[in-house]
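Here's a quick briefing on one helix, the core and a charged residue. Have the model open as you read.

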Amino acid sequence: METTFVFKANIQVDNPIEVGDVGTGIRRVIPIIGGTFEGNGIKGKVLSGGADYQIIRYDGVTEALAHYVIETDDGVPIYVINKGYRHGPKEIIDKIIRGEQVPDGSYYFKTTPSFETSSEKYSYLNRMIFIGEGIRRPNDVQISFYQVY
């Protein structure tokens, strides 16, 4: 199996909305307020209005489920659903949850994105498998997206 880099997104986020303990873990909603993305033959902006709906499980794993829209520089909206897992040493994860900076590579953060678009130009996004590798920073999330062959 091979992968090819497609684009890197810098997704700006707002302060988490702490819903609290919902029985299966701690629910948090992270508003997505903007950002940019750029890659091979595709670039644009991340639109505000999306969110990452997280459950921090009792075993320390964060289940992320983000829904948002990106828009290419030629005006094409693309709906993104990005599901993933983040986990690592407790002290690192606690810092991330508090909004603190942590060293790159000190935790696991992988995603399985899917895309929806009506554009023929970007229709490959509708029919291929992708994976993402994320980095959580205090005010943004950086995700590199790769196509699986």
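Which residue with a positive phi follows α1? That's Gly-99, with phi near 85°. Keep in mind that this is a predicted model, where local features need pLDDT of at least 70, side-chain atom pairs count only at pLDDT 80 or more, and totals for chains, interfaces and linings use all residues. Numbering runs from 1 along each chain as its sequence is written, and side-chain values use heavy atoms, with hydrogens and water left out.

**Helix α1**
- Helices (H or I, at least four residues) and strands (E, at least two) are DSSP runs, numbered from the N terminus.
- In α1 (residues 90–97), Ile-92, Ile-93 and Ile-96 are buried (under 20% relative accessible area, 1.4 Å probe, protein chains only).
- They cover an arc of only 95° around the axis (taken from the directions from the helix axis to the C-beta atoms), which puts them on the same side of α1.
- Lys-90 and Glu-91, both exposed (over 50%), sit on the face turned away from that buried side.
- The buried residues pack against β7 (77–87) and β9 (129–136).

**Core**
- The largest nonpolar core (buried Ala, Val, Leu, Ile, Met, Phe, Trp, Tyr and Cys joined through side-chain atoms within 4.5 Å) has 29 residues.
- β1 (3–13) gives the most to this core, with 5 residues.

**Arg-86**
- Arg-86 lies in β7 and is buried, yet has no salt bridge (a side-chain nitrogen of Lys or Arg within 4 Å of a carboxyl oxygen of Asp or Glu).
- For Arg-86, the nearest side chain of opposite charge (Lys and Arg positive, Asp and Glu negative; His and chain ends not counted) is Asp-52, 5.8 Å away.

Definitions and conventions:
Contact means heavy atoms within 4.5 Å.
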